[in-house]
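Here is a short round of questions and answers on one protein model. Take a look at it first.

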Amino acid sequence: MKKSYLHILLSVLLSGVLFSCHDLALPITTELTPDVFPTNPEQYISASGPVYVALRGNYAVEHFQQQSYSTDESIMPARGGNWFDGGQCQTMHYHTWTKDNGFINGNWTWLSTTIGVANQTINILSTTMPAGSAKNTNIAEIKMIRAFAYFWMMDNYGNVPIDTLYGDFSPKTNVPRADVFKFIEKEINTALPYLSELSGVATYGRPNKWTAYALLAKMYLNAEYYTGTKRYDECIAAVDKIIGSGLYAIEPRSTYLKMFYPDNGPQIKEFIFAIPYDATSANSFPFRSTNLHARYAIPRSMRAKFKLPFTPSGPESTLPEYYAYFNDANDVRNGQWLTGLQYMDDGTPITVKTTKLGVDQFYKGSDPSASVTYHVNLTPEVILRQDVAAFDAGNDEIAWNMGYRNNKFYADGTSLSRNQNNDIPVFRYSDVLLMKAEAILRGGAATLGHTALSLVNQIKVQRTTSAAFTSIDLEGLYAERVREFAYEGWHRNDMIRFGKFEGKWGYKTDANTNRRIFPIPRVALQLNPNLKQNPGY
């Protein structure tokens, strides 16, 4: 059921109806102009499809990697030269990225494209749809997607250009971050009256009214950093709107991990807004549009355990500094990690038949070719044994099994490709409650009888059988956010807000605060000479 809406969205894209540039010698009635498409309610829905497909593009892979590899949450070292990828993962880890980094370039293009497609779609729907509530809602939803793309542009790149007019190709200059914030805030508030109040199947994958309040809450929580002005009371007010809807709930301890399984979807009561993924859809328009968490996180030796149709690469690991927050043995969230000696579901050890040299490339004994049955053992440290300068851990079993792995978006054995069916949550109800708790701790006025402690404990009692907290401060709340939202794409945002982004982890020692925003990519500067580079780059 969760895929039905996505298929509607994809139908327009896969047939190329809106964005085809081919000049074919066909009668005018076959060309897709506003006179012939869209002209009915089903086509109006389809006409919105490219916006959602564009948003889906980089979100689960390159966007996640940029947010995560720049923090203590994860690291992707080279392993025998594999995955060096021009050093883009290395510079993310060291905080030495430049305007030529592949992630930085690709995600700027992805977000800019999403904004451009939204502008085009708003123009088409404004021209073709008859006046009425359906038109207002459809356009409001597209404006919310555009606002979300602008939010990530502002968060990642600071001062960015604002463009809302389709067909206007005049180069724009950067707008100060505080003004971008005001623009996004206004866009959301303008869309709010027209957004649906429904949740579940009716609006799954599309922004509803509660998505808008969640994005406002996230902006207000970060407003002091973005604009220099505290907005914690407004964060709390936005959160209270979501709480007051009565539509969402914390997923209980028994099913927490299942929230992220391949069959997740509109039945998940925590999901306020999620991006649907479908393993049967092709890469398209013009980004990856896939969820590949298992490809990067599952060790290659564990293909059979998860019944995968491909051999995963497994180069992506967490760091000990991050994993240290998972220090409660009774916490269900520990179950998202693969650590230590590995076994099949029936208890059989997972092994690799190799040689002594295959286990350890630095083996100096007299029998390097002697056969060995290696019991796969994931170790916590990532050590650049082969070449520190090349960010390389080596090409043996020791190297390939360095670092604990995150399997939150549970490996999808039902897929016939590397793509997964797991939808990616953007806003969850737990995040809403923890945002309110944090806003109270930072000076916002408590409401609805809530305290920061009571809000955090609402979540804690559904995650562990250990005793509830007796007190909570910002440090404790940060730790809870680490445990609750691992690998969901928010950790960089959290680290910056909590003043931890300049810390030391892994091989990273850089403490330059300019790294809180990424540089304007070279390709963007070449295309638009009116852009000004960010400080420090």
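Q: In which sense do S4 and strand S5 pair?
A: The model is predicted; local features need pLDDT of at least 70, side-chain atom pairs count only at pLDDT 80 or more, and totals for chains, interfaces and linings use all residues. Residues are numbered from 1 along each chain as its sequence is written, and side-chain values use heavy atoms, with hydrogens and water left out. S4 covers residues 351-355 and S5 covers residues 371-375, and 5 bridges link the two. Helices (H or I, at least four residues) and strands (E, at least two) are DSSP runs, numbered from the N terminus, two strands pair if DSSP finds at least two bridges between them, and the sense here is antiparallel.

Q: Which residue of S5 stands opposite Thr-354?
A: Thr-354 belongs to strand S4. Its partner sits in S5 and is Val-372.

Q: Which side chains of strand S4 point to the buried face?
A: In a regular strand the side chains alternate between the two faces of the sheet. Buried means under 20% relative accessible area, exposed over 50%, partly exposed in between (1.4 Å probe, protein chains only). In S4, Thr-351, Lys-353 and Thr-355 point to one face and are not buried. The other face, which is buried, takes Val-352 and Thr-354.

Q: Which helix gives the most residues to the largest nonpolar core?
A: A nonpolar core is a set of buried Ala, Val, Leu, Ile, Met, Phe, Trp, Tyr and Cys residues joined through side-chain atoms within 4.5 Å. The largest one has 134 residues, and those touching the most other members include Tyr-59, Phe-151 and Ile-242. With 14 residues, spanning 133-157 in sequence, the top contributor is helix H6.

Q: How many residues make up the other core, the one with Phe-310 and Leu-338?
A: This core lies apart from the largest one. Val-352 and Val-359 are also among its members. Val-352 is one of the buried residues of S4. The size of this core is 15 residues.

Q: Which residues does Ile-242 contact, leaving aside neighbours within four places in sequence?
A: Ile-242 is among the residues of the largest core that touch the most other members. Contact means heavy atoms within 4.5 Å. By that cut-off, Ile-242 touches Trp-210, Tyr-213, Ala-214, Tyr-248, Ile-272, Tyr-429 and Val-432.

Q: Why is strand S1 described as largely enclosed by the rest of the structure?
A: S1 runs over residues 271-275. It is joined by 4 bridges to the antiparallel strand S8 (residues 424-428), where Pro-425 stands opposite Ala-274. S1 counts as largely enclosed because its buried residues number 5 of the 5.

Q: Which helix gives the most residues to the lining of the largest pocket?
A: On a 1 Å grid over the protein atoms alone, a pocket is an open set of points where a 1.4 Å probe fits, with protein on both sides within 12 Å along at least five of seven lines; lining residues have an atom within 4 Å of a point. The lining has 27 residues, with Ser-112, Gly-116, Asp-163, Asp-168 and Phe-169 nearest the centre. Helices H5 (102-128), H6 and H20 (522-527) each give two or more. With 9 residues, the most comes from H5.

Q: What space lies in the largest pocket?
A: Grid points are joined across faces, edges and corners, and a volume is the space filled by probe spheres set on the points. On that basis, the space is about 850 Å³.

Q: Is His-95 buried or exposed?
A: His-95 lies in the loop between helix H4 (88-94) and H5. Its phi is positive, about 65°, although it is not a glycine. Its relative accessibility is 1%, so His-95 counts as buried.

Q: Is Lys-307 buried or exposed?
A: Lys-307 also has a positive phi, about 55°, and is not a glycine. It sits in the loop between helix H12 (303-306) and helix H13 (320-323). Its relative accessible area is 61%, so Lys-307 is exposed.

Q: Which elements are included in what covers the buried residues of H17?
A: The buried residues of H17 are Ala-452, Leu-455, Val-456, Asn-457, Ile-459 and Lys-460. Val-456, Asn-457 and Lys-460 are among the contacts of Phe-469, which lies in the loop between H17 (452-460) and H18 (474-484). The cover includes helix H16 (429-441) and H18.
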